[in-house]
Every structure is written in C-alpha cells, then in structure tokens.
Amino acid sequence: MAKTKKKTAKKKATAKKKATKKKTAAKKKATKKKATKKKATKKKATKKKATKKKATKKKATKKKATKKKATKKKATKKKATKKKATKKKATKKKATKKKTAAKKKTAAKKKTAAKKKTAAKKKTAAKKKTAAKKKTAAKKKTAAKKKTVAKKKTAAKKKTAAKKKTAAKKKTAAKKKTAAKKPAAKKKPAAKKKPAAKKKPAAKKPAAKKPAAKKPAAKKPAAKKPAAKKPAAKEQPAANQSPTIDVNGKTVVVTGKLAKIKRAEAEARLNALGAKVSGSVSKSTDLLFVGEKPGSKLAKANKLGIPVHDEAALMQLVANVDAKPTVKAAPKVETKAVAALKGKKIAVTGKLSLMTRAEAKAHILAAGAKPTSSVSGATDLLILGKDAGSKQRLAIQLGVETVNEDQFLRMIGDERAPEEVELLGALADFLPRYRAMLQELQASSEVRLLINHISPPASEADINAVSEHLGEELEASILNFYRQCDGLQLMWATTDNANAQGPGVNTSFYDYHPGDGAINILSLRETFIDADWHGQHYFDFMKDHENDEEFAGESYPLWDFSRSIRVFDNFNIYNMAGFVMIAAKGSPLSPPISIGDDHGACWTDARITDFESYMEILLATRGSIAARRELLLTYAGHRSKPLRMDKAHWDKNPRTLAEVLKQARDRQS
C-alpha cells in the first residue's frame, strides 16, 4: 500500500512537473509572442519613421531640383539674350562688310566700265586707223592694178600689132608666091576664097573691141575688192575680160557647179594655160573661179583677199583652149561588198589623210554603195576629212549621218584603219548618257528641240596633230570625249517661249538666239589648231593694254592671256567656255576652264573648273544656259576655289527636268 501511495505521489509529482513545464512553456511562448509583437511594432514604427524621413528627403531634393531648374532656366535665358545680342552685332558687322563689299564691287565695276570705255575708244580709234590704212592700201592696190592693166593692155596692143605685121608679111609673101605660080592659081579658085578668109579676121575685130567697151565696168570690182564682201566677190565683171586674167604660173582653184563646162575639163584647160590647179583655197592661192553654190571656198577666198571670177570669165579664158582631162585609171582595191552599205549614196568632203579621193570612190563602189559628189536629202552617208566646210554644214541641216575617215575604213575592213582605243576613266561613257538626256528632252511635251547634231569621233590623225601642235598630250577626260564625238550641237527651248515660235526662228549660236538650252562643242582641230576668234570676241583691243591680267593667283600680260584662250563651247554670242592654255600645268595637259562673259571680253568673273566637271554640268542641267550662268558666273570667281562637280557629285545631287525648265522660264521673264 505504501508502495502504491509512493507510486501515486510520484505520478502526481510528474504530472505537476509536466503541468509546470507546460505552463512555463506557454508563459515563455506568450513572452516570446509579446516580444515578437513588440519587435514588429517597433519595426513598423522604424519603417514609418524611415518612410517619413525618405518623403521629407524627397521633398527637399525636389525643392532643390526645382530651384536648380529655375537657376538653369535663368542662366539659359541670360545666355540666349547674350547670344541674340552677339548675333545682332555679327549681323550688323556682316551688313557693314556687305555694304563695303558692294561699294568695292560698284567701284570695281565703274573702274571696269571706265576701262572698257577707254578700250572701246582705243578700239574705235584703232579701227579708224586700220580702215584708213586699208583705204590707202586699197587705193594703192587699185592704182597698181590700173597700172598693171594698162601695161597688159599696151603689151596686148603691141602683141596684136606684131601679129598683124607678121600676118601682113605672110600675106605679102603668099601673094608673091601665088603670082610666081600663075597656072596653079587659074586652076584653083583659091584666090576667090581668100577674100572670105580675109573677112573672117575682119569680122572678129568688132568682137575684139567688145571687151574694150566693157572696160569701164571692169573698174567697179577693183574698187570693191578691199571690202572683200561676198556679193562683190560674185559680181566681178572684170572676169569677163580674158586678156586681163593671166593664169600662167599661178595657183588657181575652181569651185561650185559649172553650167557650161565640166570642172575636170575646165581644170585641164587651165593647166594647158600654165596654171597650177589646186583643190583647196589657201594663202598661196592666186585666183578662184566660182560656179553656182560655191560654199566655204568662196568665204575663205574673201577672207584672204583672193581675187574671185565667175564662170563667164572662166569660159572667156578657156573657150579656145584645146585640152582634155587625163582619165586616170581607177585604183585597184581589195574591198569586198559590205551589206550595211549596199545601195547607199555616199559623199566625201574635206582632205583625207589615209587615202586619196579616187581610192575612197573605188572603196565605196567595191562595198556596193553609190558615190555622189554633192550632199542632198537623198544622201545616206558623208565621210568627213580635214576642213570639211559647206557639205558638212548642209549634212547637219538635213540630218545626214556623218563618219570620219577612220570609221569608214573600219566599216569596209581596211587594215589602214587605226586600232580603236579603249576608253577608260572620266567621261568614257559620255555619249550614251548624252543620248539618254536627248531622249528625255524629246519625250517632254514642254521642250522643243531646235538643233540636234552629234559629229563623228575625232580621227587619230587629228588627235596626234593636236598633241604635236601643243607639244604635249591632253588629259584623258578630254581625249575620251573627242574619241566619242568630234563636237556636238544642241539647242532647245520651252514650248511656251514666245521668242522660239514660228518657222523663221534664229538658231545661230553666234547671234542672240532664243534657246533656253544650248551646247556648241567645236571640233578638236578647230579648238586647238585652227582657233581664230577675230571679229567674234573682243580679243583684239587687248593688245593695246600694257597692264597684266590676274588669274587664279598668277599674273599674265593681258594680250598673252587673251591669245592663250581656246574656246570649245560657243553656246551663245554673249557667253562661251574656253581652255585657259597659259595657266595649264603638268603632264598630260589639263588646262583650266573659264566662262567668257560680255562677248568674251571678261574671263575672270567666273569660277574655274575642269573639263570633266564642265561636261558633267552640261549633262546634269540638260545644257541649260541659266544653270551654267548660276553655277559658274560670279564676280572675281577666279579667286575662289576651283569648282569640282564630277559624276559622283551629280549622283548625290541630281536635278530634275522640271527644276531645269523652271529655272529656264525664270530667265525668260
């Protein structure tokens, strides 16, 4: 029982201990919970405090930022005001500078005008002096001619008298002989026929006097000759007096269509009279005989002051001469028929360098074509040699295709044809791009083409001749262009251009034409070898000036500077583009290009450029005159940096046709 009691007490103590432990644990848990709650409350309070502090800080930062912004705004405003004031000051300074420049420009213009006026006065005085000299020279020439005519007349009279005396002697001798042979005289009634023979020379005597009756008329052309005008050259009645024309030992040329005699026969008769017959007019030519439509040979003869006679004078001179032209055997050629040339009418003009005219004719026939001596609407092809002249001009008007000698030889497969040069670099593709530009103009309903002609390429003979003449080869872009076409002409106007309406529109590049676009690229030879601008541009008066010309930082004697200019694009009477050869530097030759203003009197009021850029400008602006003036003409432009506008420039900055036409119309108004 005690044992049970002990066990129960132990059990009770264990339960009490367990309850105490449980109570302690609960108490501990409650304390812990209270501590956790207190901690959470404290944390919450701390967080709240931190949030409040953060908000206060944020507010302060915002306030600070607002204050900073206001300060910055104030500073910006102050800066802008200062900038505005500086700008105003700069504008004022610029305006003052502009005003000063304008004053200087006006002063320079006045100075230039005064110079031009002085130059014009000098030119007029020089012209008067030259005219007086010419007049005096003409008088002397006329007097000398009269003297020569008188001498020739006296000589002719003496000759006639001597002939008559000889004839009389012969007649007397014949009579004596007849008297000695009386029986023979009875049998033959020759004595009766002799009076008839006597009558014939007697009948001719009045005819011999006819020229003498016309002698007063012969004086007229002698007075007109110093003027060297075309009408005077054609109307030379003196030519009808064969006794006054002496061709023995003289160089004579026959040109134009002759009505009464074939040219070959006339030339053969002239040769029989001791003349040296030539096919071209030059300084060594003494006389020119002209038929209908004489063309460029007459113009050249007038320019050189060569005496000109008509067909009537030629016939008077050669009528009684018995001589026939030597028929030369046609040269043998190995040319075979060319399908592309079969049945075509082909003409030749100018001086050929690789074959004779006779050879050219033989090649044309062998190729299956028909040679013709003149150019008409029926002509299919014209072969151009050196100094082509009027036939080329007519071909351009009629739209006849033209080729150079090299091209023709390539057409017929002749081994003499120079090898075609491969074009590389700048302007190598100029011609196809130019043709594309033409197509665009032709397709536009707002554009009217007045002139459109592309010449055949320059021959290698001409390219070599130019290199030899200059003593140096020209740079690649120039040669690339001329190896595609030896010059081209284009003139167009907007369809609403009042000055370009009707059939009688003036389309001369050397006059005040109405074209809105104009390109007149001269041939390579004409530009560099045959350049002669007398009477076209104001160059001549410059030789009287002692002052120098400033150009691109260098100084040159004015006359030397002017003579060095080689005009290559004569697009109107007022402006033209030219190579300034005196300023060309380096090898190969790349002469700078400038635009001549005021009929070519001033070459320094333009931006300097290069040939490639100039040709690219023509393509990009469709040959617009207004565009060229806008881009290149500027006061004292030679002092500015040279203008570089190659293909890459225009690819980035293209001009539409609409823009070009708008600018053209602005220029019209």
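Q: Taking buried to mean under 20% relative accessible area, why is R628 called buried?
A: In this predicted model, R628 has a relative accessibility of 1%, and because the limit for a buried residue is under 20%, R628 counts as buried.

Q: What makes the pair D569 and R628 a salt bridge?
A: The closest N and O atoms of D569 and R628 are 3.0 Å apart, and since a salt bridge calls for a side-chain nitrogen of Lys or Arg within 4 Å of a carboxyl oxygen of Asp or Glu, the pair meets the criterion. The two residues come from distant parts of the chain, D569 from strand β14 and R628 from helix α17, 59 residues apart. D569 is buried as well, with a relative accessible area of 0%.

Q: Why is helix α17 described as largely enclosed by the rest of the structure?
A: Helix α17 spans residues 625–632, and six of its eight residues are buried, so the description follows from that count. The buried residues are I625, A626, A627, R628, L631 and L632. What covers them includes the strands β11, β14 and β16, together with the helices α16, α18 and α19.

Q: How do you know that S624 makes a polar contact at the start of α17?
A: A side-chain oxygen of S624 reaches to within 3.4 Å of the backbone nitrogen of A626, and because the cut-off for such a pair of N or O atoms is 3.5 Å, the approach falls inside the limit.

Q: What does the salt bridge between E440 and R622 tie together?
A: The closest N and O atoms of E440 and R622 are 3.1 Å apart, which satisfies the 4 Å limit. E440 lies in helix α11 and R622 in the loop between α16 and α17, so the bridge ties together parts that are 182 residues apart in sequence. By accessibility, E440 at 31% is partly exposed, whereas R622 at 8% is buried.

Q: Why can E265 and R269 be said to sit about one helical turn apart?
A: The two residues are four places apart in helix α5, so about one helical turn separates them. Their side chains meet in a salt bridge at 2.8 Å, N to O. E265 has a relative accessible area of 26%, which makes it partly exposed, because that class lies between 20% and 50%; R269, at 14%, counts as buried.

Q: What makes β2 and β4 the edges of their sheet?
A: The sheet is open and has four strands in the order β2-β1-β3-β4, with parallel pairing. β2 and β4 each have a single partner strand, so one side of each is left without a neighbour in the sheet. Neighbouring strands of this sheet are turned by 30° against each other on average, direction ignored.

Q: How do you know that β1 and β2 are paired?
A: Three bridges join β1 to β2, and because at least two bridges are needed for two strands to pair, the requirement is met. Within this pairing, the bridge partner of V252 is V277 in β2. Helix α5 lies across β1, β2 and β3, running at about 165° to β1. Helix α7 also packs on the sheet, touching β3 and β4, and its direction makes about 80° with that of β4.

Q: Why is T349 called buried, and which backbone oxygen does its side chain reach?
A: T349, found in strand β5, has a relative accessible area of 5%, and because buried means under 20%, T349 belongs to that class. Its side chain reaches the backbone oxygen of A388 at 2.9 Å, a separation inside the 3.5 Å cut-off for a polar contact. Beyond its neighbours within four places in sequence, T349 is in contact with residues including R357, L382, A388 and K391.

Q: Which residues touch the most other members of the largest nonpolar core?
A: In this core of 60 residues they are Y434, F481, I521, F568, F611, Y614 and M615. Helix α16 gives the most to the core, with seven residues. Outside its neighbours within four places in sequence, F568 is in contact with I521, F611 and Y614, among others. A second, separate core of 17 residues includes L341, V348, A360 and L381.

How values were computed. Residues are numbered from 1 along each chain as its sequence is written. This is a predicted model: local features need pLDDT of at least 70, side-chain atom pairs count only at pLDDT 80 or more; totals for chains, interfaces and linings use all residues. Side-chain values use heavy atoms; hydrogens and water are left out. Axes are lines fitted to C-alpha atoms, for helices over the stretch in contact, and angles run from 0 to 180 degrees between N-to-C directions. Contact means heavy atoms within 4.5 Å. Buried means under 20% relative accessible area, exposed over 50%, partly exposed in between (1.4 Å probe, protein chains only). A polar contact is a pair of N or O atoms within 3.5 Å; within protein, one must be able to donate a hydrogen and the other to accept it, and residues adjacent in sequence count only if both atoms are side-chain atoms. A nonpolar core is a set of buried Ala, Val, Leu, Ile, Met, Phe, Trp, Tyr and Cys residues joined through side-chain atoms within 4.5 Å.
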